[in-house]
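Let's take a walk through this fold, with the structure open beside the text. We'll begin at a pocket and work outward from there.

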Amino acid sequence: MKGSLSSAEIFEPYAEALMAVAQEQNLTEKFGEDVASLLNLLQTSPELNTFITSPIVKGEDKKAVLKQISQGIDPFITSFLMILVDRRRIVVLEGICQHFRTLIRKLNQIVLAEVTSAVELTDGQKQAVVDQVKSITQAQDVELVTKIDPELIGGVIIKVGSQVIDASLRGQLRRLSISLG
């Protein structure tokens, strides 16, 4: 529909503005940590997410809760949260945080690798994945996000950006069945 804004068109400028302030104040690392903890809180507390995105809840109530949960984070971020409430953009806070994390990764030449395995990976296996992703992408560092999917039977699936490396037993069996097909 013409004239409507997508969520990305709303949250990207806010994330970029927050990044500009972080760089101006020389606080990108601190902001990155604070935004990561805020994002983690949003993702682990559906009640909080529902509360701050609800159109029924008054802005003052949202601000009071946000001030409580933002104790210990940088005052710039707390002020930023209050602005989001005032402008009724707090509903896209999670998207803003995710985009900010993307900007931090880009700034620090870090790639995000999503690893799905049948069982929990050992520290050695995680390090092997990090080393492999570094060699493929030429990145300075790798941020791993791991998931467990018992249906894989064994092996791993690694997703970096749009590239997917399927080294799972399920994937190998699927390729074998296609070739025999």
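**Starting from the pocket**

Keep in mind that this is a predicted model. The largest pocket has 14 residues in its lining, and those nearest its centre are Leu39, Gln98, Arg101, Arg105 and Leu112. Its volume comes to about 350 Å³. Which elements give two or more residues to that lining? They are α1, α2, α6 (93-107) and β2 (141-148). Of these, α6 gives the most, with six residues. Sort the lining by class and you get a mixed bag: five nonpolar, five polar and four charged residues.

Now for the second largest pocket, which has a volume of about 190 Å³. Here you can tick off the whole lining on your screen: Thr53, Ser54, Pro55, Val57, Gly59, Lys62, Val85, Asp86, Arg88, Ile90 and Val91. Two helices, α4 (59-69) and α5 (75-86), each supply at least two of the lining residues. By class, this lining splits into five nonpolar, three polar and three charged residues.

Next, back to two of the helices from the first pocket. Helix α1 covers residues 7-24 and helix α2 covers residues 28-44; their axes come within 8 Å and cross at roughly 140°. An angle over 145 degrees would count as roughly antiparallel, so at roughly 140° α1 is classed as oblique to α2. On the α1 side, the contact is made by Leu18, Met19, Val21, Ala22 and Gln23, while α2 brings Thr28, Phe31 and Val35. Nonpolar or charged, what do these residues look like? Six are nonpolar, two are polar and none is charged.

Move along to the other partner of α2, helix α3 (residues 46-53). The axes of α2 and α3 are 5 Å apart, and the two helices pack at an angle of about 100°. Angles of 65 to 115 degrees count as roughly perpendicular, and α2 and α3 are therefore described as roughly perpendicular to each other. Leu41, Leu42 and Thr44 of α2 meet Pro46, Leu48, Asn49 and Ile52 of α3 in this contact. Once again there are no charged residues in the contact, which has five nonpolar and two polar ones.

Finally, zoom out to the whole chain. It holds eight helices and four strands. Reading from the N terminus, the order is α-α-α-α-α-α-β-α-β-β-β-α, so you meet the elements in that sequence as you trace the chain. How does the overall spread of the chain sit against a compact globule of 181 residues? Such a globule would have a radius of gyration near 16 Å, whereas this chain has 20 Å. Along the principal axes, the C-alpha atoms fill a box of roughly 60 × 35 × 35 Å.

Definitions and conventions:
Residues numbered from 1 in each chain as written. Predicted model: local features only at pLDDT ≥ 70, side-chain atom pairs only at ≥ 80, totals over all residues. Heavy atoms only, no water. Axes fitted to C-alpha atoms, helices over the stretch in contact; angles between N-to-C directions. Parallel < 35°, antiparallel > 145°, perpendicular 65-115°, else oblique. Contact = heavy atoms within 4.5 Å. Nonpolar A, V, L, I, M, F, W, Y, C, P; charged D, E, K, R; others polar. 1 Å grid on protein atoms, 1.4 Å probe; cavity = no way out; pocket = protein on both sides within 12 Å on 5 of 7 lines; lining within 4 Å. Points joined across faces, edges and corners; volume = space filled by probe spheres on them. Rg over C-alpha atoms; globule rule 2.2 N^0.38 Å.
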